[in-house]
Amino acid sequence: MLTKRKKILLIYGAGGHYEQMRRLIIGITNQETEYEFLSICINRLNNVIPGTKYFVSEPFKKKKYSLWQSLLSFPKFLLFLTKHFVSAMIKHRFKYVISTGPGISIFFCILFKLMGKKIIHLETWSRFYSKSNTGRWMYHIADYFYIQNESLKTIYPKAIYVGRL
């Protein structure tokens, strides 16, 4: 009998966020798993993690020299992503959401938390002695908050130390 795989939504950005998520998923998928991973990259169109299905990515086109143009285009960007996140949630009924950041993922994690989903956040590996801006919020939102550097245990006492990816 074929069992239906549980679906997990991955939320990540470009650069280090992508690399940490990629390493995490490769580590998980190297083992036999009952999960299916679906990803939304918040920043780049070409950051697809091997072994995942890919939904959507809409880069936020920050205007380098115009603060006002950047601020005015942000609501459109947020509305675009919200539409895709909600439709993905309705269509796929995710059990968990895993995030490595960036900050905009906080909004969507709150949304999914209100829908009763379990939130998992992996704090960046580049932090040793201070909180990231995303980590400050996600520590209170996430059901499972993981740190990669043991020195962060003093800042995030309830966090789970898992070592570096």
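Against which elements do the buried residues of α1 pack? In this predicted model, the buried residues of α1 pack against three strands, β1 (6-12), β2 and β4. Y18, E19, Q20, M21 and I25 are the residues of α1 that are buried. The length of the helix is consistent with its residue count: at 1.5 Å a residue, the 14 residues of α1 should span 20 Å, and the C-alpha atoms at its two ends are 20 Å apart, so expectation and model agree.

The largest nonpolar core comprises 27 residues. Within this core, L9, I11, F85 and F112 have the most contacts. Two or more residues each come from β1, β2, α2 (67-92), α3 (105-114), α4 (133-141) and β6 (144-147). The leading contributor is α2, which gives five residues. Another core, of twelve residues, lies apart from the largest one and includes Y12, Y18, Y96 and I120. Y18 of α1 thus appears both among the buried residues of that helix and in this other core. In soluble globular proteins, nonpolar side chains tend to be buried together.

The largest pocket has a volume of about 220 Å³. Its lining consists of I8, L24, I28, Y35, F37, Y96, I98, I120, L122, Y146, V162 and L165. The elements that supply two or more lining residues are α1 (16-29), β2 (35-41), β4 (96-99) and β5 (118-122). By class, the lining has twelve nonpolar residues, with no polar and no charged ones. Y96 and I120 belong to the lining of the largest pocket and also to the core of twelve residues.

Notes: Residues are numbered from 1 along each chain as its sequence is written. This is a predicted model: local features need pLDDT of at least 70, side-chain atom pairs count only at pLDDT 80 or more; totals for chains, interfaces and linings use all residues. Side-chain values use heavy atoms; hydrogens and water are left out. On a 1 Å grid over the protein atoms alone, a cavity is a set of points where a 1.4 Å probe fits but cannot get out, and a pocket is an open set with protein on both sides within 12 Å along at least five of seven lines; lining residues have an atom within 4 Å of a point. Grid points are joined across faces, edges and corners, and a volume is the space filled by probe spheres set on the points. Helices (H or I, at least four residues) and strands (E, at least two) are DSSP runs, numbered from the N terminus. Ala, Val, Leu, Ile, Met, Phe, Trp, Tyr, Cys and Pro count as nonpolar, Asp, Glu, Lys and Arg as charged, and the others, Gly among them, as polar. The expected span of a helix is 1.5 Å times one less than its number of residues. Buried means under 20% relative accessible area, exposed over 50%, partly exposed in between (1.4 Å probe, protein chains only). Contact means heavy atoms within 4.5 Å. A nonpolar core is a set of buried Ala, Val, Leu, Ile, Met, Phe, Trp, Tyr and Cys residues joined through side-chain atoms within 4.5 Å.
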